[in-house]
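Colleague: Got a minute to walk me through this one? I'd like to start with a small detail and work outwards.

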Amino acid sequence: MASDSYIQQWTQKPVREILAGMVGTFALIPEVIAFSYIAGVSPAVSLFASFVISVSIAVFGGRPGMISGAAGSVALVLAPLVHAHGLQYMLLATLMAGGLQVIFGLLRLHSLMRFVSSEVRTGFVNALAILIFSAQVPQMLGVSWQTHLLIIIGLVIIYLLPRLSRAIPSPLICIIVLTAITIIHPMPVRTIADLGALPTGLPQFTLPQLPLNAETLAITFPYALAVAAVGLLESLMTASVVDELTDTHGTPQKECTGLGISNIFVGLFGGIAGCGMIGQTVGNLRYGGRGRLSTFTAGAFLLLLMVVLHPWVARVPVAALVAIMIMVSVSTFAWGSLKDLFHHPKLTSLVMLVTVGVVVLTHNLAAGVLVGVLLSGLFFAWHTARLVQVRSTEEHDILTYHIQGQIFFASADLMAEAMTYTTHAHRVTLDLSHARFWDITAVQALEKIVEKFRKHGKEVTVCGLDHAQHGILTEQSDEKAFTI
């Protein structure tokens, strides 16, 4: 997608893009309203935010085909601020978060995503699928049998209609048919109107009504920083999923700055900060949305539904939305990863499972990814440390240690433990030709080895100190400590 021109990203298959974006709109509504309650704000705040983000990210973003809106992870971060200090502080935090995201993009901090391993990404996707499905469970408990019947009918339409025709996305047909059924034959089922008050007007320009002093900034900045980090993480993770599903490449740096610009606009129009939404994005891709027009349509159609078609949208049964979100959940889950559990290395599978477990338990995607990345790094360090080899040869009263591998904080002790300081040889040579020293811990370990040998009256020579490989030795250690 990055190879397509900006104009092409807007004009490719417009009919299909518009229809896919419309499906994305209906997938946005229930989650956005639910997330508004998590954050402690009215549904209008989240719905307006989703409209502004979708339209803005379509223009400024770097990943065509991706749907962004008011997301649950961001809502969880901002909820304590809203409950403790009110809506105005949330608006200021949203503006600050947007500014930070623009700065992060300009500094190319998106490159840190390279440290998120494949198993962490799989865990992220699977956990999100579980959260999407679990969010539908309350809508299926304690309800009438008519609700269950409508959900079943909706799923039948969603999965069987594409076998007959794909001209119109089946979720859109599901919404129309189930709404028509409930209008023609009134029945005791919940509708969108029951989820919360929907806005009836246009968003208005506003500025936070707060004194911009040190106290206000001290309260707001930590939340703004957390929102900026979580939002970028979730957006970049979603963008990477789009890359894999479409075999194309977006522009991560532009996505970072685009999300920041969008969140600034959101704050100026009284909304809550948002980010990429993987469930809605997968649904958009599933029904043909690949360009910027589908993203724009998801936001523009949302505003149209809220303002112009407000009475009709209010009558859409929740059962139709539940059926769509179940489909999105099933489509999002990486089912192949279940089989991979028995074929992939155990530590790799453990990272994926831990990522899923942390996300499901905390309902925080960023926390799960962070734990997964830390585990991946820990397991990598442990595996790399085990590859260190130290062998010794003795000839003409010279004991030579041949050190091979990556020497760093996790392997430095293994190198030291391989040394025999009470040897009868009078001269000791440490051959570092096939080793690489990475950190101060490794340097200090080498210095201690040399010092201990000298305490035992040995003459120590260190060879293989190639500056290209061991620059840290000559930069961080006392060169006089070694005889080269």
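**A hairpin and beyond**

Modeller: Sure. In the hairpin of E3 and E4, two residues sit between the strands, and His-396 has a positive phi near 55 degrees there. Keep in mind that this is a predicted model.

Colleague: Where exactly is His-396, and is it buried or exposed?

Modeller: His-396 is in the loop between E3 and E4. It is exposed, with a relative accessible area of 71%. And His-396 is a residue other than glycine, yet its phi is positive.

Colleague: How do the two strands pair up?

Modeller: Strand E3 covers residues 389-395 and strand E4 covers residues 398-407, and they pair in the antiparallel sense over seven bridges. To pick one residue, Arg-391 has His-402 in E4 as its bridge partner.

Colleague: And the side chains along a strand, where do they point?

Modeller: In a regular strand they alternate between the two faces of the sheet.

Colleague: Back to phi. What about Lys-13?

Modeller: Lys-13 isn't a glycine either, and its phi is positive, about 40 degrees. You'll find Lys-13 in the loop between helix H1 (6-11) and helix H2 (14-39). Lys-13 counts as exposed, at 66% relative accessibility.

Colleague: New topic: how many disulfides are there?

Modeller: The count comes to zero. A disulfide is a covalent bond between the sulfur atoms of two cysteines.

Colleague: Why doesn't Cys-275 form one?

Modeller: Because its sulfur is too far from a partner: the closest cysteine sulfur, in Cys-256, is 12 Å away, and the cut-off for a disulfide is within 2.5 Å.

Colleague: Is Cys-275 buried or exposed?

Modeller: Cys-275 is buried, at 0% relative accessible area. Cys-463, on the other hand, counts as partly exposed, at 27% relative accessibility.

Colleague: What touches Cys-275, say from a helix?

Modeller: Ser-235 does, and Ser-235 also touches Met-66, Leu-259 and Gly-276, leaving aside residues up to four places away in sequence. Ser-235 lies in helix H9, residues 214-246, and is buried, with a relative accessible area of 1%.

Colleague: OK, and Met-306, where is that?

Modeller: Met-306 is in helix H12, which spans residues 292-307. Met-306 is buried too, with 4% relative accessible area.

Colleague: Which residues does Met-306 touch?

Modeller: Leu-47, Phe-48, Pro-199 and Thr-200, again not counting residues up to four places away in sequence.

Colleague: How far is Met-306 from Arg-427?

Modeller: In space they are 84 Å apart, C-alpha to C-alpha, and in sequence they are 121 residues apart.

Colleague: So let's zoom out. What are the overall dimensions?

Modeller: The C-alpha atoms fill a box of roughly 100 × 55 × 45 Å along the principal axes.

Colleague: How many helices and strands are in there?

Modeller: The protein chain has 20 helices and six strands.

Colleague: What share of the residues is buried?

Modeller: Of the 484 residues in the protein chain, 54% are buried. As for the surface, the accessible area is about 21900 Å², and 65% of that belongs to carbon and sulfur atoms.

Colleague: And the contacts, how much of them joins residues well apart in sequence?

Modeller: Take contacts between residues at least 6 apart in sequence: 84% of those join residues at least 24 apart.

Colleague: Last one: how many positive and negative side chains?

Modeller: There are 26 positive and 26 negative ones, and the centres of the two sets lie 10 Å apart.

Methods. Residues numbered from 1 in each chain as written. Predicted model: local features only at pLDDT ≥ 70, side-chain atom pairs only at ≥ 80, totals over all residues. Heavy atoms only, no water. Helix = DSSP H or I, 4+ residues; strand = E, 2+ residues; numbered from the N terminus. Buried < 20%, exposed > 50% of the residue type's maximum accessible area, 1.4 Å probe, protein only. Contact = heavy atoms within 4.5 Å. Areas by Shrake-Rupley, 256 points an atom, 1.4 Å probe, with all protein chains shown as cover. Lys, Arg positive; Asp, Glu negative; His and termini not counted. Charge placed at Lys NZ, Arg CZ, Asp CG, Glu CD. Pairing = 2+ DSSP bridges.
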